[in-house]
Amino acid sequence: MDPNRRRLLLGLSAAGVAAGALPLLRRAAPQAPAVSAAVPVPVDAPPAQRNAAEAFANALRRPGAEGLLAEVDLSQSLTLTARVGAMTVFDGAPTELWYYAATINGRQVANPLLRVRHGDEIDVSLRNQLSEDTTIHWHGLPVDEANDGSGLHPVRPGASARYRFRVTNRAGLYWYHAHPHGRTGVQLQRGLAGLLQVDDDEERALRDALGLPWGERDLPLMLTDKQVDTTNAIVYREHEPDDWIGNRVLVNWTPDAYLDVLPGLYRLRLANVANARMFRPAFVHNDRELPFFLIGTDGGLLRQPWPMESLFLAPAQRADLLVDFSALPVGARVLLRSLDYVAMENEDESGAFAPDPMGDHPGAMRMGAALDLMEFRVRAPARSIAAIAIPTALSAIAPPPDTRAWPVRKFRLRMDADGTWLINDWNFHRTGHAAAFAVKRGTCEVWEIRNHMTSMPHPIHLHGFQFRVVSRSISPTDIRARQVAPGGLTPQDMGWSDTVVVWPGEIVRLALDFSQPFRGTQNYMLHCHNLEHEDKGMMVTFAVTD
């Protein structure tokens, strides 16, 4: 763990607690211009300066037929091979990636975007050609333990596994990634992650109403950051920093990405697949934020569009957005910028305690600092573009359930005197694989998650089940300012979720229905999706029993 953070969190004074109540925004103070990513630097170099003329020089990678982000329909069985290989990602030397490879009708694909329909059976085999255990975790999909792909069922080097299950999710953007115990952070940082798009009737109806061509005006944006050295190698230091942030931003595996857009409506499906960095995405033109509509979250479409100017997107979370460029002149440039916010990690007040906490991340922008992710360039259309009416009703999603009679199970996120992250008093390295508690199948519970005031934001992910957020309390100022429904709920809380951010001092209540068609004991994980926290044991096993 970062020694600065350990010393500070264990010795925070009342001043530090008061800082946790400050607004998350830092808009009053002037700031240096944001940069999208530093040029590659050696791991011991200071942050590099960026030439503005070189910014956003690469066309955004879109879903295609081969290579990274190729589209693959899961109507037939598929074999994915976890392997290591060199690929061209940055200018210059190729980069060694760990990735899921497949051959489809002679096409070589890597970390493909998988497409499936609600109700379909999928059949995916994993062959492990790595020198260590790995898995495929189907993030956000309610499946049985054997198909979940957690570290409870590692696939050994040279071995294979088969994942077969029915997709019961609503339409939405999900994802899949490696999930071996203690090695998730390094495997995702080196590349083992891809997107999964689920379709259903509501999604098809919305696509028909909007008429936005997939791959052109309806696009996934997979956001991440990597720590990259001067040889274009991805650098990862294990067992040291508390969270791993990078000096290069990738959008759909594209550094310094741009996208030519028409002056019209676009649908952008964002997924944060970074190890630890939380983004605060906004669309900025001439230093002003363009309004957009949030239409979906982790578990698919919301009941209605919600107008917003920015949102928080923690690791593992997704957001489905509608952005209208029609009011902008041809030639306008819009930045997808992660706006600055108070990260509530208390690192800025470390003083002379120890070496610079960014020493492990040369060239990287600090957590919470403004960071430009990509650029949109408005170009002249070949013909006039018809205006598109955004439907006022998107889906028939039910409101959160009335949970007043439900039993409440309480969880506390904290750090102990040794600097170990805990969920209650559980840490996976101490408690191991055994289930810490059991839930009877078919019951409904409220899970109350309380984060310690001198903690940091934790994106909490639940395997096997989606949930509804039913309340937030003692939230930071900017989260409270986003309330749109009773109980402190924000637009991002208005749908189904599989990952929820719990800010320092905050109490979040989740409604969980443990109904499922599986029999026998099923073991699942509850953990922080800051991958370094997960690997250091901020994870617990629970059982669902008959």
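A nonpolar core is a set of buried Ala, Val, Leu, Ile, Met, Phe, Trp, Tyr and Cys residues joined through side-chain atoms within 4.5 Å. The legends below refer to a predicted model.

**Figure 1. The largest nonpolar core comprises 69 residues.** Within this core, Leu 221, Phe 283, Phe 376 and Trp 447 have the most contacts. Strand 24, spanning residues 371-378, makes the greatest contribution to the core, with five residues. Apart from this core lies another one, of 55 residues, which includes Val 89, Leu 113, Leu 126 and Met 222. In soluble globular proteins, nonpolar side chains tend to be buried together.

**Figure 2. The surroundings of Leu 221 in the largest nonpolar core.** With neighbours within four places in sequence set aside, the contacts of Leu 221 include Leu 60, Val 251 and Asn 252. Leu 268, Arg 269, Leu 270 and Ala 271 are also in contact with Leu 221. Leu 336, Met 374 and Phe 376 are likewise among the contacts of Leu 221.

**Figure 3. The chain as a whole, given as context for the close-up views.** The chain contains eight helices and 35 strands. Of its 546 residues, 62% count as buried. The exposed area of the chain is about 20,400 Å², of which carbon and sulfur atoms supply 51%. Among contacts with a separation of 6 or more, 80% are between residues 24 or more positions apart.

**Figure 4. An open sheet of six strands with mixed pairing.** The strand order in this sheet is 2-6-5-4-8-10. Strand 2 (67-68) and strand 10 (160-166) are the edge strands, each pairing on one side only. Strand 4 (residues 78-87) and strand 5 (residues 95-104) run antiparallel and are joined by seven bridges. Met 87 has Thr 95, in strand 5, as its bridge partner.

**Figure 5. Strand 11 and its two pairing partners, strand 9 and strand 12.** Six of the six residues of strand 11 (residues 172-177) are buried, so this strand is largely enclosed by the rest of the structure. Gly 172, Tyr 174 and Tyr 176 are buried on one side of strand 11, and Leu 173, Trp 175 and His 177 are buried on the other; both faces are thus covered. Strand 9 (residues 137-139) runs antiparallel to strand 11, and three bridges join the two. His 137 has His 177, in strand 11, as its bridge partner. Strand 12 (residues 193-199) pairs with strand 11 over six bridges, also in the antiparallel sense. Here His 177 stands opposite Ala 193 of strand 12.

**Figure 6. An aromatic cluster that contains Phe 411, Phe 437, Trp 447 and Phe 542 among its members.** The structure holds 23 aromatic pairs. A pair of aromatic rings is described by the distance of the centres and the angle of the planes. Phe 411 and Phe 437 form a tilted pair, with 5.7 Å centre to centre and 55° between the planes. Phe 411 belongs to strand 25 (residues 408-415) and Phe 437 to strand 27 (residues 437-440), so this pair ties together parts that are 26 residues apart in sequence. Both of these phenylalanines, Phe 411 and Phe 437, are buried. The ring centres of Trp 447 and Phe 542 are 5.4 Å apart and their planes lie at 80°, so this pair is edge-to-face. Trp 447 lies in strand 28 (residues 444-451) and Phe 542 in strand 35 (residues 539-545), so the pair ties together parts that are 95 residues apart in sequence. Trp 447 and Phe 542 are buried. The cluster also includes Trp 426, Phe 465, Phe 514 and Tyr 524.

**Figure 7. Arginine residues placed over tryptophan rings: Arg 115 with Trp 214 and Arg 468 with Trp 496.** Arg 115 lies over the face of Trp 214 at 4.6 Å from the ring centre. For Arg 468, which lies over the face of Trp 496, the distance from the ring centre is 5.4 Å.

**Figure 8. Glu 66, in the loop between strand 1 (58-59) and strand 2.** The relative accessibility of Glu 66 is 54%, and this residue therefore counts as exposed, the cut-off being over 50%. Glu 66 and Arg 107 are 41 residues apart in sequence, whereas their C-alpha to C-alpha distance is 5.7 Å. With neighbours within four places in sequence set aside, Glu 66 is in contact with Arg 107, Gln 108 and Val 109.

Notes. Residues numbered from 1 in each chain as written. Predicted model: local features only at pLDDT ≥ 70, side-chain atom pairs only at ≥ 80, totals over all residues. Heavy atoms only, no water. Helix = DSSP H or I, 4+ residues; strand = E, 2+ residues; numbered from the N terminus. Buried < 20%, exposed > 50% of the residue type's maximum accessible area, 1.4 Å probe, protein only. Contact = heavy atoms within 4.5 Å. Areas by Shrake-Rupley, 256 points an atom, 1.4 Å probe, with all protein chains shown as cover. Pairing = 2+ DSSP bridges. Phe/Tyr/Trp six-rings, centres within 6.5 Å; stacked < 30°, edge-to-face > 60°. Lys NZ or Arg CZ within 6 Å of the ring centre and 35° of its normal.
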